[in-house]
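I opened my notebook to get to know this structure from the outside in. Come along and look things up with me.

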Amino acid sequence: MLTAPDLLAQLQGLEQAAGRDRPYRNAPRTLDLDILLYGSANIDSPPLEVPHPRMRTRAFVLVPLAEIAPELVSPEDLRAVAAQSCRAL
């Protein structure tokens, strides 16, 4: 099993292999792989924050997460993002 920092490095390698560059923080990107959760770990370091600091504000994260792990998403979380469009592709 990979540590969270090792998993992050692997994900960033996949992004680079797909042609992602990082010209500046939060730049538009063609591929973005994030670690949302890592078990019950809380990680707060410069390269990695877990749980992901903005996951509870994004319907495209919470709606699928509620489908596969409903115990991790509260009804309040879903109500907070209800106005955001989210659909299966």
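**Entry 1: the surface and the whole chain.** I began with the accessible surface of the protein chain, which comes to about 6,600 Å². Carbon and sulfur atoms own 56% of that surface. A reminder to myself: this is a predicted model. I then looked up the box that the C-alpha atoms fill, and along the principal axes it is roughly 35 × 30 × 20 Å. The protein chain has 89 residues, and 24% of them count as buried. Next came the charges: I found 9 positive and 11 negative ones in the protein chain, with mean positions 6 Å apart.

**Entry 2: the order of the elements.** How many helices and strands does the protein chain have? I noted three helices and two strands. Reading from the N terminus, I wrote down α-β-β-α-α. I also checked the contacts with a separation of 6 or more, and 32% of them join residues 24 or more positions apart.

**Entry 3: the cores.** Which residues make up the largest nonpolar core? I listed nine: M55, A59, V61, L62, L65, A66, A69, V73 and V81. A second, separate core has seven residues, among them L8, L11, I35 and Y38. I jotted a general remark beside this: in soluble globular proteins, nonpolar side chains tend to be buried together. Going back to V73 in the largest core, I looked for its contacts beyond four places in sequence and found R56, L62, L65, A66 and L78.

**Entry 4: E15, buried or exposed?** I found E15 in helix 1, which covers residues 4-17. E15 counts as buried because its relative accessibility is 1%, and the cut-off for buried is under 20%. Setting aside residues up to four places away in sequence, E15 touches R20, R22, L31, D32 and L33.

**Entry 5: L31, from the other side.** Since L31 was among the contacts of E15, I went there next. L31 sits in the loop between helix 1 and strand 1, the latter being residues 43-45. With 27% relative accessibility, L31 counts as partly exposed, whereas E15 is buried. Beyond its neighbours within four places in sequence, L31 is in contact with L14, E15, A18 and R20. I checked one of these pairs along the chain and in space: L31 and A18 are 13 residues apart in sequence, and their C-alpha atoms are separated by 7.4 Å.

**Entry 6: the loop after strand 2.** Where is the cis peptide bond? I found it joining V50 and P51, with omega at about -5°. P51 is in the loop between strand 2 and helix 2. H52 is found in that loop too, with strand 2 at 48-50 and helix 2 at 59-68.

**Entry 7: H52 and its surroundings.** Why does H52 count as buried? H52 does so because its relative accessible area is 10%, and buried means under 20%. The side chain of H52 reaches the backbone nitrogen of R54 at 3.1 Å. Not counting residues up to four places away in sequence, I saw that H52 touches D34, I35, L36 and R58. I35 caught my eye, as I had already listed it in the second core. H52 and I35 are 17 residues apart in sequence, yet 6.6 Å apart from C-alpha to C-alpha.

Technical notes: Residues are numbered from 1 along each chain as its sequence is written. This is a predicted model: local features need pLDDT of at least 70, side-chain atom pairs count only at pLDDT 80 or more; totals for chains, interfaces and linings use all residues. Side-chain values use heavy atoms; hydrogens and water are left out. A nonpolar core is a set of buried Ala, Val, Leu, Ile, Met, Phe, Trp, Tyr and Cys residues joined through side-chain atoms within 4.5 Å. Buried means under 20% relative accessible area, exposed over 50%, partly exposed in between (1.4 Å probe, protein chains only). Contact means heavy atoms within 4.5 Å. Helices (H or I, at least four residues) and strands (E, at least two) are DSSP runs, numbered from the N terminus. Accessible areas come from the Shrake-Rupley method with a 1.4 Å probe; for residues, only the protein chains shown count as cover. Lys and Arg count as positive and Asp and Glu as negative; His and the chain ends are not counted. The place of a charge is taken as NZ of Lys, CZ of Arg, CG of Asp or CD of Glu. A polar contact is a pair of N or O atoms within 3.5 Å; within protein, one must be able to donate a hydrogen and the other to accept it, and residues adjacent in sequence count only if both atoms are side-chain atoms.
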